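Grab a pencil and work through a few exercises on the protein chain shown here. Try each task yourself before you read its solution.

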Amino acid sequence: MHVDLATVAAGSSFARFLEKHSHRCMQISIHGGALIKLQPRTAMWAALASSGSSSSSSSSRQLQQLNLCMPLNSTDEVALLACLLRQAPHLHTLQLHYCQPSPQLCFESAAAAGALAAATQLRSLRITGAALACSPNSLRRLSQLTCLEVTTAQPGFAGLLSSLLQLQQLSITSARLAQQAGVGSLARDQLDLPLVSSLAQCSGLTSVQLVGFKAGSSNREVLRGLTKLQGLQQLELAGALLQARQLLPLVACTALTRLCLASSNLGNIEAAAAAAAAGAPGADDDDGSSSGAEVLAQLLPALQQLQELDVSGCRVQLQPAYCLTHLTSLHAGAHRFRFHPNRVTAADLLGISKLRWHLRALDLSCNQLDCSSLQQLSQLVLLTSFNLAENSLAVEDSAASASAGSAAGAAAAAAAAAAAHAAARTQAQCSTMPNRCSAVQPVETFSQQAAPDSQHTSGCSTALAAQQQRNLRCCSTSPSGLQHLACMQQLQQLDLSSCGLKDITPLVHLAASLTQLKLGFSGFWRHQYNQLLPCSFEALGHLTGLRHLDLHYCHGQYTRLPEEGSALGRLSRLTHLDVSGCWDACWRLTKDTPACCLAHISSSDTCMASSSSSSSSSSSSSSSSKASCGCQLPELQELLMLLQDHAALPKVVRSCPQLRALHMSDGGQQMPSSVRSLAALQQLTGLTCLSMSSLDALCCIADVAQLTGLRHLKLFSSQGLPDEQALQLGQLQRLTCLDVRHSGVSAAVAGALAAQLSETLVWCE
């Protein structure tokens, strides 16, 4: 029996539940802040201990898996292991994730380390969120382990592995890297050469993760121990500080199906270390990518079983990847450890395009691509996920890039010509493939098909249809690189954040498959906004299969959405929508639509679905459009928006009755008007998360206190929140997290709230 206790509100309730059902529990999972305070945790340990000493019918002897994601201290560690493990002899999986405010070190006391060493029945042990403080030798008795995941900087793991001969999965993360708040100069632990060498003793290893380590440049054989693992299928060296030539021993790991080198420095290790020590994150831009390309050219042909390759942030050439005929996922974009752009060239795109019959997921974010680059990638007709965030895909930027790059070398020109020839050949092949490129039609054709018959359409509908045709035709006549995506008829997830786009009309050809679309601002490396034209919003209204849509700052920074933004109200299947940073988005989403226009929208969507999919998809689209007459977004569960006018809130509630999470802010504009009332939110019976960052909430705290179903409440930087008003929040007995930082609430009142809400984690300044 699987038991998920994420919603347990009190330790006593949990104890009663455990006493009644523990004899049937095989898996217990406790997530989040359900048991934050010491008192309910103490009751939980007592219940677990007493259940084992009761009659056999109510014991926890059937428990096999335990997953705790919560704050834990040394007292909890001793109580958990001493009580639970003694009473649950069949427990084989233990996963502990230390949430804040847990200490940075775990199992620091001798009693806790001893209790962990006594858990000899464990087969899987995962400890995350805190670094293992005890000596690895204390784990020697856990000889039955097949899976071990820890964060540590302690030496001596080489000796431990000699005792874990049944180990199949091993993950060790550098403690110093895990605790870094920033990414400028990342501290890494020295890779223990005896540790890698000792891996050969665990001949059954199939997965190895060594995250955030470094190796001296003088040791070229640091990874030699991995070559003796004949069954190794997954290897991750993310964040490693290695020289490219140190990867050459991996040519013997021919069984690898997944290789992750994300954010690994494959160039000059001394220069990179010196730059990191000097605090100059840009000093390692010239990191010897040519050397990395030479090594990959030798390494990848030997790894013919690879299905997933991650070289994000490595800045190496990808042309050698064309030989990986089983590759289904390629990540060559940005990574959280390194913020600089990558260096994908025309030759690399040519190599990637040769994977067209196998590749399903591709990440090329932050690669300085332009819209002409998409032509070479149009052959990837089987892609389901494509990330192009922070590339300059605007037409004018592409022209400037072409002018600046006119002096490129002959080799690059030849590669581009070859890629164009290959693209033309594949395009010819695509034209004969059913349900792929054969379904692609010009945007103007779509608008003509979408026009309703004159004898069945009123004057209002005719005017709307004519305006839609003018908008779509205006954009369809302008050059755009996105038309090269039209052949990707299986594409489900597309990220075009911060690409400088204006016209996204060609995306209507993906209406039958696209479920997730990001057009917002990512700000990871390139500080650039999309500037969507009115016709782009009209085109978005035709993507009726979307479930997740990100449009924050999609029309520039703090600019008003055009009238055509009301087309978003047609997306009746949306479950997540982000329009933060967009003025008037609330009014556009909830704009009243005449019945004749809704009939036209239904007819238009039906025509588009029938032209790009089967007749069943047509009827589904038609029915969903008709269902949206009562409320524009009936399935929306999470909404992020700017609240610039409190009068729009009731209309949002009526349009989105299934909302579970609502995030409102003033966008950092310090709006003078306050939120007058939140009474309309009481109609949202499923609302569990409410965020009101940087809003003047003085007049609406009483309304918030009536939302008794809330579990997460964020009033971060809310203006003018006096103590007497804040005390009303004590009525929200189901809260698990309350954030009143920088809102004027005193520490004394925050403490009183914490005492009144015994199960709530209260964040205060």
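The exercises below all use this model, which is a predicted one.

**Exercise 1. Aspartate 348**

Find out where aspartate 348 sits and what its side chain reaches.

*Solution.*

Step 1: Locate the residue. Aspartate 348 belongs to helix 10, which covers residues 346–353.

Step 2: Look at the helix around it. Of the 8 residues in helix 10, 7 are buried. Among them are Ala347, Leu349 and Leu350.

Step 3: Check the residue itself. Buried means under 20% relative accessible area. Aspartate 348 has 0%, so it counts as buried.

Step 4: Follow the side chain. It gets to the backbone nitrogen of leucine 318 at 2.7 Å, and to the backbone nitrogen of glutamine 319 at 2.9 Å.

Step 5: Widen the view. If you skip the neighbours within four places in sequence, aspartate 348 touches Gln317, Leu318, Gln319 and Arg343.

**Exercise 2. Strand 3 and its partners**

Which strands pair with strand 3, and in what sense do they run?

*Solution.*

Step 1: Start on one side. Strand 2 (residues 27–30) pairs with strand 3 in the parallel sense, over 4 bridges. In this pairing, glutamine 27 stands opposite glutamine 65.

Step 2: Go on to strand 4 (residues 93–98). Strand 4 also runs parallel to strand 3, and 6 bridges join the two. Here methionine 70 faces tyrosine 98.

Step 3: Take a closer look at methionine 70, a residue of strand 3 (residues 65–70). The C-alpha atoms of methionine 70 and isoleucine 30 are 7.5 Å apart, although 40 residues separate them along the chain.

Step 4: Ask how covered the strand is. Strand 3 has 5 of its 6 residues buried, so the rest of the structure largely encloses it. Methionine 70 fits that picture, because its relative accessibility is 0% and it counts as buried.

**Exercise 3. Positive phi and the nonpolar core**

Find where phenylalanine 107 and glutamate 390 lie, and decide whether each is buried or exposed.

*Solution.*

Step 1: Read the backbone angles. Phenylalanine 107 has a positive phi of about 50°, and glutamate 390 has one of about 60°. Neither residue is a glycine.

Step 2: Place them. Phenylalanine 107 is in the loop between strand 5 (105–106) and helix 4 (110–117). Glutamate 390 is in the loop between strand 18 (385–387) and helix 12 (395–404).

Step 3: Check the cover. Phenylalanine 107 has a relative accessible area of 1%, so it is buried. Glutamate 390 comes out at 2%, so it is buried too.

Step 4: Now turn to the nonpolar core. Nonpolar side chains tend to be buried together in soluble globular proteins. The largest nonpolar core in this model has 172 residues, and Phe107, Leu364 and Phe386 have the most contacts inside it. Helix 4 gives the most to this core, with 4 residues.

Step 5: Pick out phenylalanine 386. Apart from neighbours within four places in sequence, its contacts include Leu362, Leu364, Leu377 and Leu485.

**Exercise 4. Salt bridges**

How many salt bridges are there, and which residues do some of them join?

*Solution.*

Step 1: Recall the idea. Side chains of opposite charge can pair when their charged atoms come close. The count here comes to 6 salt bridges.

Step 2: Take arginine 570 and glutamate 538, whose closest N and O atoms are 2.4 Å apart. This pair links distant parts of the chain, 32 residues apart: arginine 570 is in the loop between strand 22 and strand 23, and glutamate 538 is in helix 16. At 7%, arginine 570 counts as buried, and at 5% so does glutamate 538.

Step 3: Next comes glutamate 635 with arginine 547, at 2.6 Å between the closest N and O atoms. Glutamate 635 lies in the loop between helix 19 and strand 25, and arginine 547 in the loop between helix 16 and strand 21, so the pair ties together parts 88 residues apart in sequence. Glutamate 635 is partly exposed at 33%, and arginine 547 is partly exposed at 28%.

Step 4: Try a mixed pair. Arginine 741 bridges to aspartate 739, with closest N and O atoms 2.7 Å apart. Arginine 741 is partly exposed at 30%, whereas aspartate 739 is buried at 7%.

Step 5: Finish with a network. Salt bridges link Glu236, Arg258 and Glu308.

Key: Residues are numbered from 1 along each chain as its sequence is written. This is a predicted model: local features need pLDDT of at least 70, side-chain atom pairs count only at pLDDT 80 or more; totals for chains, interfaces and linings use all residues. Side-chain values use heavy atoms; hydrogens and water are left out. Buried means under 20% relative accessible area, exposed over 50%, partly exposed in between (1.4 Å probe, protein chains only). A polar contact is a pair of N or O atoms within 3.5 Å; within protein, one must be able to donate a hydrogen and the other to accept it, and residues adjacent in sequence count only if both atoms are side-chain atoms. Contact means heavy atoms within 4.5 Å. Two strands pair if DSSP finds at least two bridges between them. A nonpolar core is a set of buried Ala, Val, Leu, Ile, Met, Phe, Trp, Tyr and Cys residues joined through side-chain atoms within 4.5 Å. A salt bridge is a side-chain nitrogen of Lys or Arg within 4 Å of a carboxyl oxygen of Asp or Glu.
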